[in-house]
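Visitor: I should like to look closely at one part rather than at everything in passing. Would you please choose a part, explain how its side chains are arranged, and then place it in its wider setting?

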Amino acid sequence: MMKPGNRNSRVNISPSRQDGMTEFDRKVEEASTRFNRSVANIAETLEKETAQLVAYLNDEVVPAVRTHSSKALRTAAGKLSEFADFLETQRKGS
């Protein structure tokens with residue numbers, strides 16, 4: 001019989017307990033592999049969608065902004081010219 005607190009005592013793990021640990025380890029490894037695969041798929045999808053977004057911005061948005069910006073500048077220039085004419089007529093009329 002072993003005495004409590006005996007440092008030389010060993011805990012015997014039955015073979016079925018050892019198999020359970022290897023089964024647990026295998027399940028953890030499979031879950032880790034599935035998780036890593038999911039992360040890799042998500043990263044790949046993000047890379048593709050980011051490339052598509054950049055292409056869309058460069059091909060569609062930037063030209064439209066440039067077109068509308070130049071139109072807005074021309075409109076503003078016309079209004080400023082009209083305002084300058086108005087100021088000149090006001091000054092001459094005073």
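Guide: Arg26 and Glu30 stand four residues apart in helix α1, which means that about one helical turn separates them. Please keep in mind that the model is a predicted one. The side chains of Arg26 and Glu30 meet in a salt bridge, with 2.4 Å from N to O. That value satisfies the requirement that the nitrogen lie within 4 Å of the carboxyl oxygen.

Arg26 also has a partner on the other side in the sequence. Its side chain meets that of Glu23 in a salt bridge of 2.3 Å, again from N to O. Arg26 and Glu23 are three residues apart in helix α1, so about one helical turn lies between these two as well.

How open to the surroundings are these three residues? Arg26 has a relative accessibility of 37% and therefore counts as partly exposed. Glu23, at 31%, is likewise partly exposed, and Glu30 is partly exposed at 35%. The reasoning rests on two limits: a residue is buried under 20% and exposed over 50%, so a value in between is called partly exposed.

A further salt bridge may be set beside this group. The side chains of Lys48 and Glu44 meet at 3.3 Å, N to O. Lys48 and Glu44 are four residues apart in helix α1, and therefore about one helical turn apart. Glu44 is partly exposed, with a relative accessibility of 40%. Salt bridges with shared partners join Glu23, Arg26 and Glu30 into one network. The structure holds three salt bridges.

The wider setting can now be described. The secondary structure of the protein chain consists of one helix and zero strands. Helix α1 covers residues 15-93, and Leu53 lies within it. The protein chain has 94 residues, of which 0% count as buried. It exposes about 9,000 Å², and carbon and sulfur atoms supply 57% of that area.

Nonpolar side chains also appear on this surface. Leu53, Tyr56 and Leu57 form a nonpolar patch there, and together they have about 300 Å² of accessible area.

Aromatic rings deserve a final look. A search of the whole structure finds one aromatic pair. Phe83 and Phe86 form this pair, with 6.5 Å between the ring centres and 20 degrees between the planes. The pair counts as stacked because its planes are under 30 degrees apart. Both residues lie in helix α1, three residues apart, or about one turn of the helix. Phe83 is partly exposed, with a relative accessible area of 46%, and Phe86 is partly exposed at 44%.

To return to the part chosen at the outset, Arg26 meets Glu23 in one salt bridge and Glu30 in another.

Conventions. Residues numbered from 1 in each chain as written. Predicted model: local features only at pLDDT ≥ 70, side-chain atom pairs only at ≥ 80, totals over all residues. Heavy atoms only, no water. Patch = residues over 30% accessible without salt bridge, like charges linked within 9 Å, V, L, I, M, F, W, Y side chains within 5 Å. Areas by Shrake-Rupley, 256 points an atom, 1.4 Å probe, with all protein chains shown as cover. Buried < 20%, exposed > 50% of the residue type's maximum accessible area, 1.4 Å probe, protein only. Phe/Tyr/Trp six-rings, centres within 6.5 Å; stacked < 30°, edge-to-face > 60°.
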